[in-house]
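Please look through the sequence and the model below before reading on. The report then turns to the packing of side chains and to the pairing of strands.

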Amino acid sequence: QVQLVESGGGLVQAGGSRTLSCAASGRTFSNYVMGWFRQAPGKEREFVASMMWSGGSTTYADSVNGRFTISRDYAKNTVDLQMTSLKPEDTAVYYCACRSPWVSKYGYWGQGTQVTVSS
């Protein structure tokens, strides 16, 4: 059974940095696509970034491109989201998700971690 567990959320001041981690277990993810999404209060969930579990093929939303970096931590076996130059509008619950390369819909989701950016 696939399990995704996010960690690293919290309160950070505008302009600061935060790194989120997603620990994945339950199957071999070698060719899976790992994604980060977020949902702000009153808004729909939106795509943030994605990459192949095996590395590479990174994609970013325009709103975070240049500020956020998605990467694999091979030692911890996680997919991380490094967030810099944070803005109050980055405040949201951040979710880790994954999908097989043969489908477009993300089928597995974590429980989410709250990131709050204060101005």
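The sections below cover the model, its nonpolar cores and one of its sheets.

## About the model

This is a predicted model, in which local features need pLDDT of at least 70 and side-chain atom pairs count only at pLDDT 80 or more, whereas totals for chains, interfaces and linings use all residues. Residues are numbered from 1 along each chain as its sequence is written, and side-chain values use heavy atoms, with hydrogens and water left out.

## Nonpolar cores

The largest nonpolar core (buried Ala, Val, Leu, Ile, Met, Phe, Trp, Tyr and Cys residues joined through side-chain atoms within 4.5 Å; buried means under 20% relative accessible area with a 1.4 Å probe, protein chains only) has 29 residues, of which Met 34, Trp 36, Leu 81 and Tyr 94 touch the most other members. Among the elements that give two or more residues to this core are the strands (DSSP runs of E, at least two residues, numbered from the N terminus) β3 (18–25), β4 (33–39), β8 (78–83) and β9 (92–99). The largest share, four residues, comes from β9.

Leaving aside residues up to four places away in sequence, Leu 81 is in contact (heavy atoms within 4.5 Å) with residues including Leu 20, Trp 36, Val 48, Phe 68, Ile 70 and Tyr 94. A second, separate core of five residues includes Val 33, Phe 37, Ala 97 and Tyr 106.

## A four-stranded sheet

Four strands form an open sheet in the order β1-β3-β8-β7, with antiparallel pairing (two strands pair if DSSP finds at least two bridges between them). Because β1 (3–7) and β7 stand at the edges with a single partner strand each, one side of each is left without a neighbour in the sheet.

β7 and β8 pair in the antiparallel sense over six bridges, and the bridge partner of Thr 69 in β8 is Gln 82.

Note on methods
Buried < 20%, exposed > 50% of the residue type's maximum accessible area, 1.4 Å probe, protein only.
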